[in-house]
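Q: Please take a close look at a single part here. Then set that part within the whole, with the cut-offs behind each term.

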Amino acid sequence: MRNASKHEPISKGTTVMESVPFVYCLKSSFRGQLCDFCLKANSNLRKCCGCMVVSYCGRVCQREGWKDHKIECKNLLKVKPNTPTDSVRLMARLILKLQRGGDMEAEHITAIWSRKFKDLLSHRKEIKEDVKRMEYFLTICGVLNEYLSDEILPNAVELLGIYGRMCINSFNILNGEMQAIGTGIYLAPSVIDHSCSPNAVATFDGFKLRIRVTQDLPKLDWSFIYISYIDLMNSKNHRKKELKERYYFDCNCPRCGSDEIDCYHYAARCPSCRNPITVRRGDKFPPCSCGSRLDSSFSKQFWSAADFSEQQLLLMQDTNYLDVCKLCLTKQEDLFHDLCLIRSKVLDAAFDSAVQLQLWESAIQYGLPLIHAYKLWYGNEHPLTAILLLKIFKIMLLVSPNDDSAALKYYQEAAKIIELTHGKGSMFYQQDVKSLIRDVK
């Protein structure tokens with residue numbers, strides 16, 4: 001927590017809050033790659049000799065993590081060869097901590113304002129009316145009865161309250177490249193509201209969460225500091241629907257009240273001047289600012305390509321296929337502006353797929369136009385924009401190892417953003433970002 005006068009101006013890049021999790025859990029997909037306590041990568045992890053499920057860097061991390069793992073260890077051993085899901089493990093850790101005095105644990109936001117677990121919103125009424133979440137809740141309860149069979153579980157009302165607080169207040173714990181590596185409940189940061197045009201960002205060093213402001217603020221006022229709860233590269237309707245379904249509120253942020261960015265959901269490229277021509281589905285294309293008009297043939301091709309691309313993006317939610325991306329981009333050629341949301345998403349999927357396949361020249365082909373799309377949909381100083389720039393920098397060095405002049409500008413821009421969002425003292429900046437430029441030199 002930043003100890004500052006409530007009337008003191010706050011410069012962008014300032015860390016206004018630091019927090020450690022009330023409870024947290026490493027994602028199972030990173031098991032064996034990252035330490036279950038510090039969440040850092042280690043090539044010489046040692047498995048817990050009791051359950052043989054969780055792994056640690058060494059004795060220090062194992063000792064520090066034992067208070068949370070002690071009871072969990074015997075429970076993991078008991079249900080082998082089955083392993084509980086991440087949600088079950090997190091819920092079990094919450095129950096066990098609350099039963100052992102965690103309900104009295106508080107984290108301060110200011111000197112006189114603190115949060116306990118009971119202060120977190122549970123949205124019990126909305127959860128009970130949410131069919132999918134209630135089905136999952138009942139499934140979790142069934143597993144917990146077996147997993148925590150030696151414990152006295154809270155009653156159904158209390159369990160639903162714990163489940164609701166977990167659903168609504170969980171943070172994805174991210175690594176430097178903004179990949180989710182775990183899930184945590186953080187008491188003080190749960191006070192921060194959402195905006196699709198945020199002025200702060202949550203970044204992590206291991207399990208430690210930092211809130212850093214990305215805009216200059218006149219004073220430290222928590223009712224006017226916002227982070228984003230969701231992926232911002234989505235349309236206004238998609239974002240509002242996701243927020244309503246996941247967090248049960250209607251977003252009225254400045255971006256949702258404006259079409260300045262979201263008008264690019266469907267954006268054609270003018271055949272004459274190549275500028276964007278934005279349109280709503282169901283409406284006719286307006287004339288371009290240059291005076292050109294799009295004929296019915298263009299409109300028919302545009303909406304056909306839009307329908308096809310949107311269908312393929314839905315099918316590729318879990319895995320990106322480069323051949324499918326290429327087909328979508330071919331259908332969009334000379335029709336879609338690069339800032340169009342649909343084209344941006346396909347370029348993003350194509351870039352990711354090309355990187356996975358180590359097709360470096362293709363990755364550059366898709367990555368370069370993606371930079372402008374990221375700056376529109378995420379913002380010029382968003383961590384994801386910086387990560388994209390860093391990836392392009394590294395790929396350009398692989399393609400042209402003897403000519404780093406073109407690549408350096410992407411590194412410099414990325415480093416400047418990461419200084420703002422993570423800080424020069426962060427582990428990611430020190431170990432990953434600075435090392436890249438040392439290797440070049």
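A: **Cysteines, and the fold around them**

Cys273 has 28% relative accessibility, so Cys273 counts as partly exposed. That label covers the range between buried (under 20% relative accessible area) and exposed (over 50%), with a 1.4 Å probe and protein chains only. The model is predicted: local features need pLDDT of at least 70, side-chain atom pairs count only at pLDDT 80 or more, and totals for chains, interfaces and linings use all residues. Residues are numbered from 1 along each chain as its sequence is written, and side-chain values use heavy atoms, with hydrogens and water left out.

Is Cys273 bonded or free? The structure holds zero disulfides, a disulfide being a pair of cysteine sulfur atoms within 2.5 Å. Cys273 is therefore in none, by that definition. Its nearest cysteine sulfur belongs to Cys288, 3.5 Å away. Cys253 is also in no disulfide. For Cys253 the nearest cysteine sulfur is that of Cys251, at 3.5 Å. Cys253 has 7% relative accessibility and so counts as buried.

Now the setting. The protein has 13 helices and 14 strands. These are DSSP runs, numbered from the N terminus: helices are H or I with at least four residues, strands are E with at least two. Of the 441 residues, 51% count as buried. The C-alpha atoms fill a box of roughly 70 × 55 × 55 Å, taken along the principal axes. Why does 24 Å suit the radius of gyration? A compact globule of 441 residues would have a value near 22 Å, so the 24 Å of the protein agrees. The radius is taken over C-alpha atoms, and the globule rule is 2.2 Å times the number of residues to the power 0.38.

Contacts mean heavy atoms within 4.5 Å. Among contacts with a separation of 6 or more, 62% join residues 24 or more positions apart.

The exposed area is about 22,100 Å², and carbon and sulfur atoms supply 50% of it. The Shrake-Rupley method with a 1.4 Å probe gives the areas; for residues, only the protein chains shown count as cover.

One last residue is Lys331, in helix H8 (residues 322-332). Lys331 has 38% relative accessibility, so Lys331 counts as partly exposed. Leaving aside neighbours within four places in sequence, Lys331 is in contact with Ala305 and Phe308. Arg89 lies 242 residues from Lys331 along the chain, and their C-alpha atoms are separated by 45 Å.
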